[in-house]
Amino acid sequence: MIDGDGIRLRWKTLGCKLDERGQRLFAANEVRAAGHGALIIVSKITGLARSTINRGEDDLEKGPLPAGRVRRKGGGPKPLSERDPTLVPDLQRLAEAATMGDPMRALKWVSKSPAKLAAALNECGHEVSANTVAKLLEEKLEYSRQFNRKTHEGASHPDRNAQFEHINAKVVAAQSAGQPVISVDTKKKELVGNFRNGGSDYRPKGDPHRVKVHDFEDKALGKVVPYGVYDVGADAGWVSLGITSDTSEFAVNAIRTWIERIGAKRYPHMRELTITADCGGSNGARVRLWKVELQKLADESGLTLRVHHYPPGTSKWNRIEHRMFCHITQNWRGQPLESRMAVVKLIGATTTKTGLKVECALDERTYQKGIRIKKAEMKLLDIVGDAFHPDWNYAIKPRIPKEP
């Protein structure tokens, strides 16, 4: 006699909790154990069709399936792309209108979301979900989600590589002579106040920094302008934190402050100072005020200032960018810059495993914008250009020689 109660108990305890294949094998095994006439009873108890249980009996005779499969190859419904042969061509037609990227590359991506593409396909008579669209884009059309990548720099100057080699030779020569080399640049202006700062940092779960929704400048706190001086040989940095404008006067005063506070002590026999800078901005090669202020610094300090500018469009190769500024950004990630002194402390706390140390001080002077320098004033400067690209490479000497 067939023990229906026992089968029902085993089904509720174990069988109903198995996956599709497991339920099928469980029912087939119960039929075999109970003997003749059990197929109808097991089908009623489990709710599985008799044909399904019969397939389970066949599965009992076969070996195990490959890992991760619940059906043998060919089982289950056909893929949607085969059941709906016009689906993939229609998806490709919609995607190509929004396709971006280099057509010669294997990877592509679309600007429309899978949900919008799915809605458009449904309007065309297809029954498809956003998840299926995303899968078809990747598997059938070889599309993928990608971020922007900074690779285009604009037109490349024909003397770009030669200028890099020239700068490298001058830097090596200065260091061999025991003279300092600094890399200078302005970091982007930062809003001061309880504003969102990019990146993330560890905090107690569910307790993020609460910051303002809108990044409207606080009129009382304003912005700060970090101008950096990176000592290439010593792997050490200095940042003057300005509170007004990023002008050439401010930039040169940052170098002046570095010489007075750090450079003169670190290099007691300093006679020259080699400066590498970008070709634009407050320390640009064509900015007259930059050269006038450097002349003042040379006269005051008695130092010969040798300046070398990176070619246009190559500011990311400036050493201060990847030796100092990137570490400052990483150090204050996720931290609202709530006050000027908070910015000073966060910059001053920047260190690396390789030994980088950064000092910072607030420069509260007011620097006027729009100062014009006439040609007559430029003729008074003691500037000597290098034989190679004198517009990018030049030396500014003290007009009244004196001991540095």
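This report describes two groups of paired strands and three helix contacts in a predicted model.

## Strand S11 and its partners

Strand S11, residues 393-396, is covered on both faces, with Asn393 and Ala395 buried on one side and Tyr394 and Ile396 buried on the other. Such a division follows a general pattern, because in a regular strand the side chains alternate between the two faces of the sheet. Strand S8, which spans residues 304-309, pairs with S11 in the antiparallel sense over 4 bridges, and strand S10, residues 383-385, is also antiparallel to S11, to which 3 bridges join it. Ile396 of S11 serves as the bridge partner of Leu305, and Ile396 is likewise the bridge partner of Ile383. A reader following Ile396 in the structure will thus find a buried residue that takes part in a bridge with Leu305 and in a bridge with Ile383.

## Strand S3 and its partners

Strand S3 covers residues 181-186, and 6 of its 6 residues are buried. Val181, Ser183 and Asp185 point one way from S3, while Ile182, Val184 and Thr186 point the other way, and all of these are buried. The buried set on S3 therefore includes Asp185, a residue that counts as charged, and Ser183 and Thr186, which count as polar.

The pairing of S3 involves two strands that run in opposite senses relative to S3: with strand S7, residues 272-277, S3 runs parallel and is joined by 3 bridges, whereas with strand S5, residues 223-231, S3 runs antiparallel and is joined by 5 bridges. Within these pairings, Val181 stands opposite Thr274 in S7, and Val184 stands opposite Val229 in S5.

## Helix contacts

The table gives the axis geometry of the helix pairs.

| Helix pair | Axis separation | Crossing angle |
|---|---|---|
| H1 (residues 4-13) and H3 (residues 38-46) | within 10 Å | roughly 40° |
| H1 and H2 (residues 20-34) | 12 Å | about 165° |
| H10 (residues 248-266) and H11 (residues 288-301) | within 8 Å | roughly 25° |

Helix H1 takes part in two of these pairs. The axes of H1 and H3 cross at roughly 40°, which makes H1 oblique to H3, and the crossing is right-handed. The contact is made by Gly4, Ile7, Arg8 and Trp11 of H1 together with Val42, Ile45 and Thr46 of H3, and by class these residues divide into 4 nonpolar, 2 polar and 1 charged.

H1 and H2 pack at an angle of about 165°, and these two helices are therefore roughly antiparallel to each other, again with a right-handed crossing. Here the contact is formed by Ile7, Arg10 and Trp11 of H1 and by Gln23, Phe26 and Glu30 of H2, a set that divides into 3 nonpolar, 1 polar and 2 charged residues. Ile7 and Trp11 of H1 appear in the contact with H3 and also in the contact with H2.

Helices H10 and H11 have axes that cross at roughly 25°, so that H10 and H11 are roughly parallel to each other, and H10 passes H11 in a right-handed crossing. From H10 the contact draws on Ser248, Glu249, Ala251, Val252, Ile255, Arg256 and Ile259, and from H11 on Leu289, Trp290, Glu293, Leu294, Lys296, Leu297 and Glu300. By class, this contact has 8 nonpolar, 1 polar and 5 charged residues.

Key. Residues numbered from 1 in each chain as written. Predicted model: local features only at pLDDT ≥ 70, side-chain atom pairs only at ≥ 80, totals over all residues. Heavy atoms only, no water. Buried < 20%, exposed > 50% of the residue type's maximum accessible area, 1.4 Å probe, protein only. Pairing = 2+ DSSP bridges. Axes fitted to C-alpha atoms, helices over the stretch in contact; angles between N-to-C directions. Parallel < 35°, antiparallel > 145°, perpendicular 65-115°, else oblique. Left-handed = near helix turned anticlockwise from the far one by under 90°. Contact = heavy atoms within 4.5 Å.
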